Amino acid sequence: MDIPDILQFVDEVVSSKTGKHLNDLQRGIIEGTLKRQRYTDIAETYGCTAGHAKDEGYKLLQILSNIFNETVDKNNLKSVLDRQINLNINLANSNNTFGNSNTISYINICPDDPTPSSNKSQPSTVNTKTRKNKVNIELVNKLRLFGLNNEQISEVLNLPLDAVNQVGL
């Protein structure tokens, strides 16, 4: 995977666990670490001190360690992310589908529906259904980019195979 895809993956994982997206410096720390840059070089790029970049890098690596349930540091960040991304991609190939809570816990297949209002005159089901369909279409296309076939996508998203086959036609 290239760096933008890795950054998107990490942002989605961190956001799903913490409710906060990566900021520019955090994204720069990940990118710089993957490119074997020093904190002084990263700090220079983002207009902060090397000490601040190092402190933020330490906090970010601690967050990732907690999310992935393994120690993450500058030296092993690439291998940890490669492993976690592959776990995510190969999820549908597993005989024990959804058995690893660390793997599935950060895949947000569909956001929670808003609490329905007590006013029955609003046709909220149309908007909710449209939103779910749009999310599913985006996920199907994204999973295809990760190399999953339609049968695997159908299984992961719990959608009929016919519905998955129609996406992108």
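**Exercise 1. Salt bridges**

Task: In this predicted model, find which side chain meets Lys35 in a salt bridge, and classify the exposure of both partners.

Solution.
- Step 1: Start from the side chain of Lys35; it meets the side chain of Glu31 in a salt bridge, with N to O at 2.9 Å.
- Step 2: Check the distance against the cut-off: a salt bridge needs a side-chain nitrogen of Lys or Arg within 4 Å of a carboxyl oxygen of Asp or Glu.
- Step 3: Turn to accessibility. Lys35 has 47% relative accessibility and therefore counts as partly exposed.
- Step 4: Glu31, at 25%, is partly exposed as well.

As background, side chains of opposite charge can pair when their charged atoms come close.

**Exercise 2. Pairs along a helix**

Task: Work out how the salt bridges Lys59–Glu56 and Asp82–Lys78 sit on their helices, and say for each residue whether it is buried or partly exposed.

Solution.
- Step 1: For Lys59 and Glu56, the closest N and O atoms are 3.3 Å apart.
- Step 2: Place this pair on helix α4, residues 50–68. Lys59 and Glu56 are three residues apart there, so about one helical turn separates them.
- Step 3: Look at burial. Lys59 is partly exposed at 47% relative accessibility, whereas Glu56 is buried, with a relative accessible area of 15%.
- Step 4: Move on to Asp82 and Lys78, whose side chains form a salt bridge at 3.2 Å, N to O.
- Step 5: In helix α5, residues 77–89, Asp82 and Lys78 are four residues apart, and the separation is again about one helical turn.
- Step 6: Asp82 is partly exposed at 32% relative accessibility, and Lys78 is partly exposed at 46%.
- Step 7: For the tally, the structure has five salt bridges.

**Exercise 3. Rings and charges**

Task: Determine how many aromatic pairs the structure holds, and which residue lies over the face of Tyr39.

Solution.
- Step 1: Apply the pairing cut-off, ring centres within 6.5 Å. The count of aromatic pairs is zero.
- Step 2: Now search for a charge over a ring. Lys74 lies over the face of Tyr39, 4.1 Å from the ring centre.

**Exercise 4. The nonpolar cores**

Task: Describe the largest nonpolar core, name the element that gives the most to it, and locate another core.

Solution.
- Step 1: The largest nonpolar core has 26 residues; Val10, Ile30, Leu64, Phe68, Val72, Leu77 and Leu81 touch the most other members.
- Step 2: Sort the members by element. Two or more residues come from each of α1 (3–18), α2 (24–34), α3 (39–46), α4 and α5.
- Step 3: Among the elements, α1 gives the most to this core, with seven residues.
- Step 4: Zoom in on Leu64. Beyond its neighbours within four places in sequence, Leu64 is in contact with Val10, Val14, Val72 and Leu77.
- Step 5: Another core, of nine residues, lies apart from the largest one; Leu139, Leu148, Val156 and Val167 are among its members.

**Exercise 5. Two covered helices**

Task: Find how many residues are buried in α2 and in α8, then inspect the ends of each helix.

Solution.
- Step 1: In α2, eight of the 11 residues are buried, leaving this helix mostly covered. Leu25, Gly28 and Ile30 are among the buried ones.
- Step 2: At the N-terminal end of α2, Asn23 acts as a cap: one of its side-chain oxygens is 3.1 Å from the backbone nitrogen of Leu25.
- Step 3: Just past α2, Arg36 has a positive phi of about 60 degrees.
- Step 4: Helix α8 covers residues 150–157, of which six of eight are buried. They include Asn150, Ile153 and Leu157.
- Step 5: At the start of α8, Asn149 places a side-chain oxygen within 3.1 Å of the backbone nitrogen of Glu151.
- Step 6: Just after α8, Asn158 adopts a positive phi of about 55 degrees.

**Exercise 6. Buried or exposed?**

Task: Decide whether Ile67 and Lys20 are buried or exposed, and list their contacts beyond four places in sequence.

Solution.
- Step 1: Ile67 belongs to helix α4. With 9% relative accessibility, Ile67 is buried, because buried means under 20%.
- Step 2: Its contacts are Val13, Val14 and Lys17. Ile67 and Val14 are 53 residues apart along the chain, yet their C-alpha atoms are separated by 7.6 Å.
- Step 3: Lys20 sits in the loop between α1 and α2. At 60% relative accessibility, Lys20 is exposed, since exposed means over 50%.
- Step 4: Lys20 is in contact with Val14 and Ser15, leaving aside neighbours within four places in sequence.

Methods
Residues numbered from 1 in each chain as written. Predicted model: local features only at pLDDT ≥ 70, side-chain atom pairs only at ≥ 80, totals over all residues. Heavy atoms only, no water. Phe/Tyr/Trp six-rings, centres within 6.5 Å; stacked < 30°, edge-to-face > 60°. Lys NZ or Arg CZ within 6 Å of the ring centre and 35° of its normal. Buried < 20%, exposed > 50% of the residue type's maximum accessible area, 1.4 Å probe, protein only. Polar contact = N/O pair within 3.5 Å; in protein donor to acceptor, adjacent residues only side chain to side chain. Core = buried A, V, L, I, M, F, W, Y, C linked by side-chain atoms within 4.5 Å. Contact = heavy atoms within 4.5 Å.
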